[in-house]
Amino acid sequence: MLRLLTAVFVLITLGAFMRDLLVSIEAGAWAPVALGQWWFEIHPNSLQLLQPAIERHVSPALWDPHVLGLLEGPLIYTSGILAVCFWILSLFFKRKRRVSMSHQARF
């Protein structure tokens with residue numbers, strides 16, 4: 001599961017990099033897409049429900065400095081950091097190999 005999440009976030013990072021590169025070439029300056037903007041383009045309803053959910057169920061103080069700052073940050077950084085974190089976690093939780101029935105019969 002961790003390897004799958006790593007691959008998903010690597011693909012998101014590469015896609016965001018390509019998008020940022022193409023837009024930046026057209027604009028003549030580096031113009032990365034923000035995480036919140038990307039999320040709003042994909043599914044605006046869930047993003048609009050995030051603030052009240054966090055403020056009601058977690059803490060109102062968590063929204064403004066932390067979550068909002070994360071949403072305003074570039075997608076490429078957020079997804080890249082998540083990809084690296086999941087990759088590192090996958091190194092610690094290696095899947096154990098299953099012993100097949102033929103190997104068990106020999107012992």
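These legends go with close-up views of a predicted model.

**View 1. Helices α2 and α3 meet at an angle.** Let's start with two neighbours in the sequence: α2 covers residues 35-42, and α3 covers residues 44-57. Their axes come within 5 Å and cross at roughly 130°. Angles over 145 degrees would count as roughly antiparallel and those from 65 to 115 as roughly perpendicular, so α2 and α3 are oblique to each other.

**View 2. The residues where α2 touches α3.** Which residues make this contact? From α2 come G36, W39, F40 and I42, while α3 brings P44, S46, L47, Q48 and L50. Sorted by class, the contact has 6 nonpolar and 3 polar residues, with no charged ones.

**View 3. Helix α5 along its length.** Follow α5 from residue 75 to residue 92 and you will pass 18 residues. From the first C-alpha to the last, α5 reaches 26 Å, close to the 26 Å expected at 1.5 Å a residue.

**View 4. The buried residues of α5.** Look here for L75, I76, T78, S79, G80, A83, F86 and S90, the buried residues of this helix. What do they pack against? Their partners are α1 (2-27), α2 and α4 (60-72).

**View 5. A close look at T13 in helix α1.** Is T13 buried or exposed? Its relative accessibility is 15%, and buried means under 20%, so T13 counts as buried. Setting aside neighbours within four places in sequence, T13 is in contact with I76, S79 and G80. You have met these three already: I76, S79 and G80 are among the buried residues of α5.

Conventions:
Residues numbered from 1 in each chain as written. Predicted model: local features only at pLDDT ≥ 70, side-chain atom pairs only at ≥ 80, totals over all residues. Heavy atoms only, no water. Axes fitted to C-alpha atoms, helices over the stretch in contact; angles between N-to-C directions. Helix = DSSP H or I, 4+ residues; strand = E, 2+ residues; numbered from the N terminus. Parallel < 35°, antiparallel > 145°, perpendicular 65-115°, else oblique. Contact = heavy atoms within 4.5 Å. Nonpolar A, V, L, I, M, F, W, Y, C, P; charged D, E, K, R; others polar. Expected span 1.5 Å × (residues − 1). Buried < 20%, exposed > 50% of the residue type's maximum accessible area, 1.4 Å probe, protein only.
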